[in-house]
Amino acid sequence: MNVAVLDFGKTNSKLFVFGQDGRILDERRTQPKWVQQGGFSVLDEAALHDWAFGAVTDAVENHGVEGVMVSGHGCTFALVDGKALTHPILDYEQEPPAEIAVRIDHRIPDFAETFSPRLPLGFNYGRHMLWLQQVDPDAFSNATSILGYPQYWSWRLGGRPVSEVSYLGCHSHLWAPRERDFSSLVDAEGWRGQMPAFERAGAVIGEQRFGNTERSIAIHNGVHDSNAALYAYRRQGLGPLTVVSTGTWVVVLNPDCPLEALDSERDMLVNVDVDGGPVPTIRFMGGREFAVISGGWQGAIPLGSIQQALDAGLMALPSFAPGGPISDRSGEIIGGTPSAAQRAAVALLYVALMVDLCLDLIHSENTVIVDGGLNTGGLLAGLLAQLRPGQTFLQGASLEGSATGAAALAFESLGRDFAAEPPEPVRATQFGGLAGYREAWRDRFAGHGAAAKAAGGAR
């Protein structure tokens with residue numbers, strides 16, 4: 001049996017075909033398009049659907065795929081009336097107008113209830129729901145279902161409308177983790193009746209035919225991507241662990257962190273795992289920041305350029321994107337004018353130092369697994385292992401932990417074994433001056449508001 005996983009990221013969307021032995025048999029990639037419509041930035045849903053449907057059809061016809069599973073980025077919702085969207089899907093990277101924000105932000109529940117910090121733009125998608133309801137109430141009144149982004153695609157491909165806890169619990173303002181129920185915002189706005197019944201991530205929620213095949217293909221309920229990565233490793237019985245899931249966002253999940261340690265001012269929050277359990281989390285937009293700092297660098301980073309950056313004191317100081325634990329200052333590169341390769345080195349060092357700081361803030365003392373596209377070649381994991389010699393570091397056997405976890409959920413829902421390769425040990429890098437570079441980087445935050453608190457509370 002093979003399963004197709006559609007992994008819808010904010011920057012890149014991918015399809016992978018997985019066999020039961022965990023191997024990736026085929027893959028396709030595209031970039032979602034965001035367009036201006038009706039005063040909003042919205043998803044070009046038709047284009048992404050056509051790509052996804054075509055990619056799944058090819059997978060069914062060429063690889064004997066028997067099920068389709070979805071993994072999706074956070075912060076995004078869809079309103080549907082049983083046949084179609086009642087409003088285009090909003091891009092979470094846009095801020096409500098100030099006059100709207102004044103009317104909606106006082107409705108947001110306290111952090112103590114939702115463990116969702118008050119974030120800018122649509123990083124809490126409950127806030128974007130309030131915005132859309134203000135300017136287009138018909139979109140809500142005409143909707144029969146409010147769906148999370150993965151559940152929208154599972155529905156669009158032939159499943160029934162359902163809810164799923166890892167997505168609703170993803171810093172949305174819509175979920176109360178301690179109560180394992182919708183938040184007070186959902187009831188205050190009258191949305192509970194539009195929330196479909198829950199199904200576990202991976203459950204079969206429909207079937208569909210693709211292409212020229214006569215057989216029906218199972219449609220599985222989707223999952224939040226970072227929680228899928230967490231599941232991919234938890235299921236392997238590795239003991240207590242922290243997962244660093246990297247992509248457009250770097251999401252650091254440590255189930256062992258006490259809830260009382262979470263600080264809403266540092267983009268710390270509770271995610272919810274696929275079984276409803278709280279997962280303390282800290283995050284920053286690391287992939288986006290890497291692209292900005294590096295000038296869009298692609299490919300391997302020369303090791304010599306990293307040592308050159310360290311020796312010259314070239315460094316990037318946060319922040320280059322909204323959110324994150326040090327959001328109260330604008331990013332800058334200091335120490336000179338780097339070459340193109342040195343800029344890439346500075347960008348990777350920046351991501352490593354930010355992850356290192358996040359591991360301190362999220363009280364990580366257990367095994368750390370580094371996963372995702374920013375760890376191409378294992379260099380990010382190696383830097384972290386050098387920075388934190390007292391911890392064990394592992395890295396995914398592939399870079400696709402989110403898709404692997406999604407595949408595991410689909411196979412397991414059918415009672416099938418799934419034998420993904422275990423993570424691999426990380427060899428620490430041996431760059432000269434890295435510890436002093438970190439100390440100098442953190443010293444730059446002294447006396448700088450929330451940044452000072454973050455650096456001062458670190459190890």
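## Cysteines and disulfides

A disulfide is a pair of cysteine sulfur atoms within 2.5 Å. In general terms, a disulfide is a covalent bond between the sulfur atoms of two cysteines. The structure discussed here is a predicted model. Under the distance rule, its count of disulfides is 0. C75 takes part in no disulfide, and the nearest cysteine sulfur, that of C170, lies 5.8 Å away. With a relative accessibility of 4%, C75 is classed as buried.

C358 gives a second example. Its closest cysteine sulfur belongs to C257 and is 12 Å from the sulfur of C358, which is too far for a bond. C358 is also buried, since its relative accessible area is 0%.

## Nonpolar cores

The largest nonpolar core contains 59 residues. Within this core, the residues with the most contacts are L262, I306, V351 and W441. Helix α12, which covers residues 340-361, makes the greatest contribution to the core, with 16 residues. Another core, set apart from this one, has 58 residues, including A4, A59, V80 and L168.

Which residues does W441 touch, not counting residues up to four places away in sequence? The contacts of W441 are with M315, A316, L317 and P318, and also with Y350, L353, M354 and L357.

## The cavity

The model has 1 cavity of 30 Å³ or more. The space in the largest cavity is about 60 Å³. Among the residues that line this cavity are Y125, Q151, E164, L168 and M195. Strand β8, residues 145-148, gives the most to the lining, with 3 residues. Sorted by class, the lining of the largest cavity consists of 7 nonpolar, 3 polar and 1 charged residues. L168 thus appears in two descriptions: it lines the largest cavity, and L168 is also among the residues of the core of 58 residues.

## The second largest pocket

The second largest pocket holds about 190 Å³ of space. It is lined by 14 residues, and those closest to its centre are A397, S398, T404, A420 and E421. Two or more lining residues come from each of the elements α9 (225-234) and α14 (401-413). In this pocket the lining comprises 6 nonpolar, 6 polar and 2 charged residues.

## A residue in strand β5

S41 belongs to strand β5, which spans residues 40-43. Is S41 buried or exposed? S41 counts as buried, because its relative accessibility is 9% and the limit for a buried residue is under 20%.

S41 and E93 are separated by 52 residues in sequence, yet their C-alpha atoms are 8.3 Å apart in space. Leaving aside residues up to four places away in sequence, S41 touches W34, V35, Q36, I89, L90, D91 and Q94.

## Backbone features in loops

The peptide bond that runs from P318 to S319 is cis, with an omega near 0°. S319 is located in the loop between β18 (315-317) and β19 (332-334). P318 is also one of the residues that W441 touches.

Two residues other than glycine have a positive phi: for L121 the value is near 55°, and for H363 it is near 60°. L121 lies in the loop between α3 (111-114) and α4 (125-135), whereas H363 lies in the loop between α12 and β20 (367-372). L121 is buried, at a relative accessible area of 14%. H363, by contrast, is partly exposed, at 45%.

Definitions and conventions:
Residues are numbered from 1 along each chain as its sequence is written. This is a predicted model: local features need pLDDT of at least 70, side-chain atom pairs count only at pLDDT 80 or more; totals for chains, interfaces and linings use all residues. Side-chain values use heavy atoms; hydrogens and water are left out. On a 1 Å grid over the protein atoms alone, a cavity is a set of points where a 1.4 Å probe fits but cannot get out, and a pocket is an open set with protein on both sides within 12 Å along at least five of seven lines; lining residues have an atom within 4 Å of a point. Grid points are joined across faces, edges and corners, and a volume is the space filled by probe spheres set on the points. Helices (H or I, at least four residues) and strands (E, at least two) are DSSP runs, numbered from the N terminus. Ala, Val, Leu, Ile, Met, Phe, Trp, Tyr, Cys and Pro count as nonpolar, Asp, Glu, Lys and Arg as charged, and the others, Gly among them, as polar. Buried means under 20% relative accessible area, exposed over 50%, partly exposed in between (1.4 Å probe, protein chains only). A nonpolar core is a set of buried Ala, Val, Leu, Ile, Met, Phe, Trp, Tyr and Cys residues joined through side-chain atoms within 4.5 Å. Contact means heavy atoms within 4.5 Å.
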